[in-house]
Amino acid sequence: MNCGVYGIVCIQARMRCAFMERSNGPSLEFGKKVGRGVRMRVTMRDRSKNRKPLQKGRNLSIEAIQTVQALKRASKSVDQQQVIYSKFSRLLKFDMMAILRELFRQDQSQLALTVFAEIQKEHWYKPEVTLYAEMILVLARNGLYDEVDTIYLEMKGEKGRLQAKTEGFNVLLETLMSYNFIKLVMDCFELMKEVGCEPDRSTFKLLVSHLESKGETSLSESVRREAQKYYGDSIEFVDEQENMEMNNT
């Protein structure tokens, strides 16, 4: 076909379908040659093969984000249960846990309690100290101290199948101590040993330092004596920096 000087353009269109290495999926490309050797390319890719996180640093799927938004919009418990039934209960484990931790992050403590109760009904659920520690931290941070007692007692009731590590108990102990749950701290210390998690040096140093700072000297001395049964006199309860401060006074 001839091209005239008054703008008659010769367009040659070609279409090809190929697998693009970068996108790991099929790519449909349209190439057009327009005017004097100018080439325009339009590329269509299969976006489902190369989906990126919707929000940087957050592992929330579209369905999980929509569920969080729906739960927050539901002002009544009846409406929340409807969202739980229609949306949350149909999600996979990963999304359920992602929603719970997003509610933790947003300090949505009451919603977190509702979601946590639903997760506990799932066949794959296993009680873990670290998860209870996160739950208790959110409740305490929002002043829901009665709920802290309830959740702790619930965790204690699961001690026969509680998934626990010393590090997880240390986190829980520090959280309880930070919000002055002294009675729960000492009870948790005993629970820790009952489920087979031996206190380590960090456990004893954490308990002694916090108890002494709160004036609980008799409890502190009791923990010191117990530490000696585990580690003899090898434990140093006072940090080097504290030693220097004491020497300077």
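Partly exposed is the label for a relative accessible area that falls between the buried range, under 20%, and the exposed range, over 50%. The views below all come from a predicted model.

**View 1. The whole chain, three strands and then helices.** Walk along from the N terminus and you meet β-β-β-α-α-α-α-α-α-α-α-α-α-α, which adds up to 11 helices and 3 strands. The chain has 249 residues, and 35% of them count as buried. Take the contacts between residues at least 6 apart in sequence: 53% of these join residues at least 24 apart. The accessible surface comes to about 16500 Å², with 49% of it belonging to carbon and sulfur atoms.

**View 2. F204 meets Y230.** The structure holds 7 aromatic pairs, and here is one of them: F204 and Y230, a tilted pair with 5.5 Å centre to centre and 50 degrees between the planes. F204 sits in helix α9 (residues 201–213) and Y230 in helix α10 (residues 217–231), so the pair ties together parts 26 residues apart in sequence.

**View 3. How covered are the two partners?** F204 has 0% relative accessibility and counts as buried. Y230 comes out at 34% relative accessible area; because that value is neither under 20% nor over 50%, Y230 is partly exposed.

**View 4. The aromatic cluster around the pair.** Pull back a little and F204 and Y230 turn out to belong to one aromatic cluster with F189 and Y231. F189 has a charged visitor as well: the charged end of K193 sits over the F189 ring, 4.2 Å from its centre.

Notes. Residues numbered from 1 in each chain as written. Predicted model: local features only at pLDDT ≥ 70, side-chain atom pairs only at ≥ 80, totals over all residues. Heavy atoms only, no water. Helix = DSSP H or I, 4+ residues; strand = E, 2+ residues; numbered from the N terminus. Buried < 20%, exposed > 50% of the residue type's maximum accessible area, 1.4 Å probe, protein only. Contact = heavy atoms within 4.5 Å. Areas by Shrake-Rupley, 256 points an atom, 1.4 Å probe, with all protein chains shown as cover. Phe/Tyr/Trp six-rings, centres within 6.5 Å; stacked < 30°, edge-to-face > 60°. Lys NZ or Arg CZ within 6 Å of the ring centre and 35° of its normal.
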